[in-house]
Amino acid sequence: MDLLTTTIDLDAIAHNTRVLKKLAGTAQLMCVVKADGYNHGAVETAQVMARNGADQFGVATLAEAQQLLDGGIDKPILAWMWRPEQTLIKGIELGIPSPEHARAAINSGLDLRVTPKIDTGLNRSGIDEADWADTFRLLHDAPNIAVTGLFSHLACADEPGDPSVDEQADVFRRAIAVARDCELDVPTNHLSNSPAALTRPDLNFEMIRPGLACYGLSPIPGVDVGLRPAMTWAARVSVVKKITAGEGVSYGHTWHAPSNGYTAVITVGYADGLPRTAQDALSVSIGGARYSQVGRVCMDQIVVWLGAEASVRAGDEALIFGPGEQGEMTADELANGLGTINYEVICRPSGRTMRKFKGGDGHES
């Protein structure tokens, strides 16, 4: 019995992939599995996604792409974060975020498929408009380079109605036109991240590129297309203790028992990814009932107030967040309490957290 686990529901991953494939319409679906599948397990989730409608995969780094190749993924894999001096790998498609990256790809001598990344207004990585034509011609003239299309990333798609979304889309269309003027075919272009995939079907182009939505969470509060959260983070009760009214709990005694009752010690702390700022923002679910976390979050453990409840026992499962089906907080609720976003919450479980999977092949592992 592990003290701290994330359980990944592969049936939920399959369901979400099918939902997103339907939203893609006639466009392809690229599932983003960077950061170890948003902390869900890149290879395991990609295998399920591939069987349920994913046409391509997106990752940040070459190492992440290699992991998918080693895991038997045979669909196109695009990696968009790499250094021009890195040794490139045949079989991995490359995002091209600058003219320097274009030259590095050409000079590698490898036959490569590449996708130029266009800065349409996020002002992060991406080829600036002043460099479009020269970069496109450079790639066009290179005999070892095949350009698959263009891509870009939206800054404010999680704010429906923000004018920058349409402004960026217009810039992206202009980039496609310039590429074609430079005799590049650019057959498969993609702009839509998860929020745009859920709300802007007019921006599907030839492919959509969702990340968060693949794992069952919505990037826009109130937008529900039937996704199913796939991750549950659970700890264990290690100790149940009596406490007297007025006694302090944990470092600094920042909380005192309001009455005689019981506390439970839970096996998770900031070394495992639960931030100290979770104090007073977290409720843990044990046996279907929620109990407030009290006192400071420690490196290895937290304390919850049981009140007069005496039925909780050492060894009981304590749910930190999940789909909400057992009364536990959802990732959205915890994110709101922490003043952050659900993306960060699902990436947090770490340290001594053990990952296991259920569904997908009919059994739990």
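**Exercise 1. What follows H7, and what sign does its phi have?**

Solution. Glutamate 183 follows H7, and its phi is positive, near 70°. Helices here are DSSP runs of H or I with at least four residues, strands are runs of E with at least two, and both are numbered from the N terminus. The model is predicted: local features need pLDDT of at least 70, side-chain atom pairs count only at pLDDT 80 or more, and totals for chains, interfaces and linings use all residues. Residues are numbered from 1 along each chain as its sequence is written, and side-chain values use heavy atoms, leaving out hydrogens and water.

**Exercise 2. Check the span of H7 against its end C-alpha atoms.**

Solution.
- Take the rule: expected span is 1.5 Å times one less than the number of residues.
- Apply it: the 19 residues of H7 should span 27 Å.
- Compare: the end C-alpha atoms are 28 Å apart, which agrees.

**Exercise 3. Which residues of H7 are buried, and where do they point?**

Solution.
- Fix the classes: buried is under 20% relative accessible area, exposed over 50%, partly exposed in between (1.4 Å probe, protein chains only).
- List the buried set: Ser164, Val165, Gln168, Ala169, Val171, Phe172, Ala175, Ile176 and Ala179.
- Look down the axis of H7: the buried residues fall within an arc of 165°, so they line one face of the helix. The arc is taken over directions from the helix axis to the C-beta atoms.
- Find the partner: the buried residues of H7 pack against helix H6 (132–141), with contact meaning heavy atoms within 4.5 Å.
- Turn to the other side of H7: Pro163 and Asp181 are exposed there.

**Exercise 4. Classify the ring pair of phenylalanine 172 and phenylalanine 205.**

Solution.
- Set the rule: rings of Phe, Tyr and Trp (its six-membered ring) pair if their centres lie within 6.5 Å; planes under 30 degrees apart are stacked, over 60 edge-to-face, the rest tilted.
- Apply it: the centres are 5.1 Å apart and the planes at 85°, so the pair is edge-to-face.
- Place the rings: phenylalanine 172 lies in helix H7, phenylalanine 205 in the loop between helix H8 (194–199) and strand E8 (207–208), so the pair ties together parts 33 residues apart in sequence.
- Check exposure: phenylalanine 172 is buried at 0% relative accessible area. Phenylalanine 205 is partly exposed at 22%.

**Exercise 5. How many disulfides does the structure hold?**

Solution.
- Use the criterion: a pair of cysteine sulfur atoms within 2.5 Å.
- Count: the structure holds 0 disulfides.
- Test cysteine 347: the nearest cysteine sulfur, that of cysteine 214, is 13 Å away.
- Add accessibility: cysteine 347 is partly exposed at 38%.
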